[in-house]
Structure formats: C-alpha cells, structure tokens
Amino acid sequence: MEDSKNQLYLNPYHNQDLGDLSFLITGGAGFIGSNLVNYLLRYGAGKVRVLDNLSTGFMKNLEEFESHPAFEFILGDIRDPEICRQACQGIDYVSHQAALGSVPRSIQDPLTTNQVNVEGFLNMLIAVKDQQVKRLVYAASSSTYGDSKELPKIENRIGAPLSPYAVTKLVNELYADVFRKTYGTDSIGLRYFNVFGPNQNPEGAYAAVIPLFIRAILNGNPPLINGDGSQTRDFTFIENVVQANIKALLFPEDLPHQIYNIACNERISLNQLWAQLKELSGTDPGQTYGPSRAGDIHDSLADISRVRQDLGYEPLYDVKKGLAYTLNWSKDKP
C-alpha cells in the first residue's frame, strides 16, 4: 500500500520553498484532506497542522505522518469558534476541507449539515480574518449548480439549489465573497466535481459511487446503481484536486474572491463507469438498479477554462487512468 500511495504527487505543483510556510488543513483526516497532507509533507512544508473531529475522517489516513516533525494534529470541531481560532494561530495558509458531505445525508439531517457547513465555515472565516492568515482555499461544490440544465457548467451561471447540502455550499461562497469585500479576507473556492481516489471510504450509508463500485468489483458482488445508470458526471481524480488546491493556495497574486470548477471536462455515465471498472478488473459480477436518489441532478459537466487560464490548472488524470490507479490501490489495502 505504501508504494502505491507514493506513486502520486511525483511532480510538484508549486515552484517555491515550502520550508518556511505553515498550513492548516481542516478535515485533514478525511479523503481529500489527507491527500493534501501527503503532498505538503512530501515537499517539505514547515508545518502542516490538521484540525479534525474524526466524525467522517480516520486517523489511519494520517498514521504514516504522525511521527513527522512538521506534522501537528488537533482533535476539534469547526463548530467551536475557539478551536478554530487556536488552529489558525501562526498559520500562513488554510485549506478548508472540513464539511458534512452527501446530498442524501443533508436531506435526512439538514440541521447538522447546516451547523457544520455554514456555522463551521463562518467560524473558520472569522478565525482566518482575526489571525491574519494569508489565504483561505475552501471546498466548494458542483451541487451549487442546482437545477440548471446548462452544460458545461460555467462558474457565474447557477440554478436553484436542490438539497440542503447545496444550500450550505452556496452560502459558503456568499460568505467568502462578503468577507473579501468587507474585511479584505483572501479566499478562493474550488467547486469539486465528484472526486475519487485513495483514502475514499466505501463504508457507510453515504459512500460515493466509485468506492462502492470498486468494493463490489473486489468482492465479486453486483452493485446497486441508483436510477437507470444513464446519469452522467465529471469524475475527478484526487491528484487533480490536490493540484488545484496547491496552485490556489500559493498563487502569487492578490485576487478578488474567485470560484473555480475543479474537474476534467469529461462526461461519463454510471453505466460507462461500471463498464470501465469491469474491463480494468477482468470481472463481471453484474449489476442491479434501484430508484433515483432525491436531490440528484441527471447530468454534470464542468467548463474548466477559467481555472486553466487563471491558475494554470491542467488535470493530469482522466477518468480511466484514475480508476486504474484507485482500483490497484484498493487491491493493496489490508
């Protein structure tokens, strides 16, 4: 497993020395956060502090870094303003990945989703402002496009939200924009499109589709596909997302608050995705179909021209390359 993980991030996405810089990764024990920790420590960051309450993250994602002299861990919740203030002390850059994800979870429990994603985000913005952090880069979401059927999705054209989760992610963008205009707080939002890769959890009621499909392949079980499988997504491998975060965090110019799509500009249906995994694995356990999920859109595709132009983002992994890597990594897991 170690060798497999170390095949990622072989080339840097920054061109400065990180040795004098300090980073806070909220949600750093989670899927995306732990991959950011991996990158920053690999390239010699002076300090990488993680804030996580371990509600959806896991210490096993960080165990290889626990003895690293530049690594710090704070067990705490972004719903606590004092914890956020303490976590931001002495920090240059904040990568805010902490959130309660999942549209279905937000429909089942809109109150907790709002408390974490809105109140927690506001706590972090205030802490970033008060502790004079240089920049906040935060996880926004493609769910913000809501009921807009326009393809590809362009940052300044959104529809009405379709779930409580989508509402919270739109509110994040609004708050960040107001803090920039009111207090000068430097922030960039990255609208992720269906991220997948190593450290993504296949367990639980709200697991994402790719880890569920891979687990089905490895166990020889037919997966449940919600709807008829014709719905399409712009699936995005984790290294592409880490690239975008690093380039956004360390972008040398002072920008107004910006929102960027982070994806591959590649549209694939769930049926095509399952077919690719069967081809890669050389197995076919079949599949079953169930009802569509409430709050889900049918089609998604990102326009990534803005982030390409502004930040120099260029996705290195298409879906098939990312699937092959993730499948091999999952085979190596204990």
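**View 1. Strands β2 and β3 pair at one end of the open sheet.** Two strands count as paired here if DSSP finds at least two bridges between them. Strand β2 (residues 47-52) and strand β3 meet that rule with 5 bridges, running in the parallel sense. One bridge to look for joins Asp 52 to its partner in β3, Leu 75. Please keep in mind throughout these views that the model is predicted. Close by in the legend, if not by any claim of distance, comes a salt-bridge network that links Lys 47, Arg 49 and Glu 72.

**View 2. The open sheet holds 7 strands with parallel pairing.** Reading across the sheet, the order is β3-β2-β1-β4-β5-β6-β11. The edges are taken by β3 (71-75) and β11, each with a single partner strand, so one side of each has no neighbour in the sheet. On average, and with direction ignored, neighbouring strands are turned by 20° against each other. Helix α2 packs on this sheet, where it touches β1 (22-26), β2, β3, β4 (93-96) and β6. The direction of α2 makes about 165° with that of β1. Helix α6 lies across β5 (135-141), β6 and β11, and runs at about 155° to β5.

**View 3. Strand β11 is an edge strand, yet mostly covered.** Of the 5 residues in β11 (residues 258-262), 5 are buried. Gln 258, Tyr 260 and Ile 262 are buried on one side, and Ile 259 and Asn 261 are buried on the other, so both faces are covered. The partner of β11 is strand β6 (residues 187-192), paired with it in the parallel sense over 5 bridges. Within this pairing, Leu 190 stands opposite Tyr 260.

**View 4. Helices α2 and α8 pack against each other at about 65°.** Here α2 (residues 31-42) and α8 (residues 238-249) have their axes 10 Å apart, and the crossing is right-handed. From α2 come Phe 31, Ile 32, Asn 35, Leu 36, Tyr 39 and Leu 40, which meet Ile 238, Val 241, Val 242, Asn 245 and Ile 246 of α8. By class, this contact is made of 9 nonpolar and 2 polar residues, with no charged ones.

**View 5. A salt bridge joins Asp 254 and Arg 180.** Their side chains meet with an N to O distance of 2.9 Å. Asp 254 sits in the loop between α8 and β11, and Arg 180 in helix α6 (residues 164-183), so the pair ties together parts that are 74 residues apart in sequence. The two ends sit in contrasting surroundings: Asp 254 is exposed, with a relative accessible area of 58%, whereas Arg 180 is buried at 17%, given that buried means under 20%.

**View 6. Two further salt bridges involve Lys 278 and Glu 279.** The model has 15 salt bridges in total. In one of them, Asp 284 pairs with Lys 278, with the closest N and O atoms 3.5 Å apart. Asp 284 is exposed at 56% relative accessibility, while Lys 278 is buried at 18%. In another, Lys 320 pairs with Glu 279, and the closest N and O atoms are 3.1 Å apart. This second pair links distant parts of the chain, 41 residues apart: Lys 320 belongs to helix α11 (residues 319-332) and Glu 279 to helix α9 (residues 270-281). Lys 320 counts as partly exposed at 32%, and Glu 279 as exposed at 55%.

Conventions:
Residues are numbered from 1 along each chain as its sequence is written. This is a predicted model: local features need pLDDT of at least 70, side-chain atom pairs count only at pLDDT 80 or more; totals for chains, interfaces and linings use all residues. Side-chain values use heavy atoms; hydrogens and water are left out. Axes are lines fitted to C-alpha atoms, for helices over the stretch in contact, and angles run from 0 to 180 degrees between N-to-C directions. Helices (H or I, at least four residues) and strands (E, at least two) are DSSP runs, numbered from the N terminus. A crossing is left-handed if the near helix is turned anticlockwise from the far one by less than a right angle, and right-handed if clockwise. Contact means heavy atoms within 4.5 Å. Ala, Val, Leu, Ile, Met, Phe, Trp, Tyr, Cys and Pro count as nonpolar, Asp, Glu, Lys and Arg as charged, and the others, Gly among them, as polar. Buried means under 20% relative accessible area, exposed over 50%, partly exposed in between (1.4 Å probe, protein chains only). A salt bridge is a side-chain nitrogen of Lys or Arg within 4 Å of a carboxyl oxygen of Asp or Glu.
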